[in-house]
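Biologist: I should like to learn how to read a structure that is new to me. Would you please take me through its features in turn?

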Amino acid sequence: YISVTGFRRVLFRSGWRPALLITWRDALRHRGRSALVLVMISLPVLAVGAAAVIITTAQVTGLEGADRVMGAADARIRTEGSGAVVQAPDPSEGQWGEMGDFDHDRPLTESDLRTVLGTDARFLPIDTSWARARLGDRVIDFSTTGVDLSDPLAAGLFELGSGRLPRAAGEVVVNQAMVDKGFALGDDLEVDGARLTVVGVGRDATHRDTPVVAGSVADLPAEGTNVREWLVDAGPVPWSTVLELNRIGAVVTSRAVLADPPDLASTAEQMGYDTRTDETLAVVVVIVVMALIEVVLLAGPAFAVGAPKHARSLALIA
């Protein structure tokens, strides 16, 4: 522990105090040059920092985006047939694949999933796809979400702003992007030969700028004949249960796994790819080296230019 007076004595004895006083006097005497040096050093750092913050903020993954993917459910299960699959802890970004002889003609049923999840598990069908509707002389493309929005498991998938949620067949809700295309509350739109009525407008949890129409599974087109998805209420679904479901052909997005994912090494071994630890270390080294080079390139010339002007002062200090 050193007092302020003792710290000043150390500075004076080591010769740092006169050097700092001369530097401070020179900075005040040439304010324009000092400001330019600060700008040259701070702007690149500020730009890199701002870019890092924006990129990190825009990436909503894992547990942060769980409600957008599965609402209030414990898991979201997808199947395109029967067989074995492998997946990452968060397969919502397409990180999964089929293994061996996969039978696309026999998709899993709720009964197949209950053999792993238990007979008390509750399933809410959900389906996402694309469709188009005509508005005047234009054709509008939009994303569709078929799910019972009044079910508690779907809470969080769609936030109602005006109107009401669908209650009967042929009723749908749309997001603001769909309204911006020209549709309004109470309008009718024809999708695959079926006439649907817009009864509510709100915000879709997944798509902000893309037009979205949400309603019952029966009213909206399906993604494929062999694709089935459910929101599941079965209690926490750990990684061991996810692996059991993978063996019969189910891809699982589990809230419990997103909150406590398995270690990277075991996941990489299952998926068959490298952990890329060496590449990550190389990127960190490159960033550090580039930062040091930037400081040397900016601060070095400034010292080199300023040193001859202070030759006499530096000699006196010596």
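Modeller: Let us begin with the inventory of elements. The secondary structure of this protein amounts to eleven helices and 13 strands. Please keep in mind that the model is predicted.

Biologist: Which elements have the lowest and the highest mean pLDDT?

Modeller: The value to consult is pLDDT, the predictor's confidence in each residue. Over the protein it averages 82, and 83% of the residues score at least 70. Among the elements, helix α1 (residues 4–14) has the lowest mean, 55, whereas strand β4 has the highest, 96.

Biologist: How many of the residues count as buried?

Modeller: Of the 318 residues, 34% count as buried. The protein exposes about 19,100 Å², and carbon and sulfur atoms supply 60% of that area. One may also ask how contacts are spread along the sequence. Among contacts between residues at least 6 apart in sequence, 73% join residues at least 24 apart.

Biologist: How should I read a sheet? What is the order of the strands in the open sheet of four?

Modeller: One reads the strand order, then the pairing, then the edges. Here the order is β4-β12-β1-β13, and the pairing is antiparallel. Strands β4 (122–125) and β13 (250–254) lie at the edges, each pairing on one side only. From one strand to the next, the twist averages 25°.

Biologist: How many bridges join β1 to β13?

Modeller: Five bridges join β1 (residues 75–79) to β13, and these two strands run antiparallel. Within this pairing, Ala75 stands opposite Ser254 in β13.

Biologist: Which strands does helix α5 touch?

Modeller: Helix α5 (residues 110–117) packs on the sheet and touches β1, β4, β12 (228–233) and β13. The direction of α5 makes about 145° with that of β4. Helix α7 (residues 239–248) also packs on this sheet, touching β1 and β13, and its direction makes about 155° with that of β13.

Biologist: How does one describe the packing of two helices?

Modeller: Two packed helices are described by the angle between their axes and by the distance between the axes. In this model, the axes of α5 and α7 come within 10 Å and cross at roughly 145°. The crossing of α5 and α7 is right-handed.

Biologist: Which residues make the contact between α5 and α7?

Modeller: Helix α5 contributes Asp112, Leu113, Val116 and Leu117. From α7 come Thr241, Glu244, Leu245 and Ile248.

How values were computed:
Residues are numbered from 1 along each chain as its sequence is written. This is a predicted model: local features need pLDDT of at least 70, side-chain atom pairs count only at pLDDT 80 or more; totals for chains, interfaces and linings use all residues. Side-chain values use heavy atoms; hydrogens and water are left out. Two strands pair if DSSP finds at least two bridges between them. Axes are lines fitted to C-alpha atoms, for helices over the stretch in contact, and angles run from 0 to 180 degrees between N-to-C directions. Contact means heavy atoms within 4.5 Å. Buried means under 20% relative accessible area, exposed over 50%, partly exposed in between (1.4 Å probe, protein chains only). Accessible areas come from the Shrake-Rupley method with a 1.4 Å probe; for residues, only the protein chains shown count as cover. pLDDT is the predictor's confidence in each residue, from 0 to 100. A crossing is left-handed if the near helix is turned anticlockwise from the far one by less than a right angle, and right-handed if clockwise.
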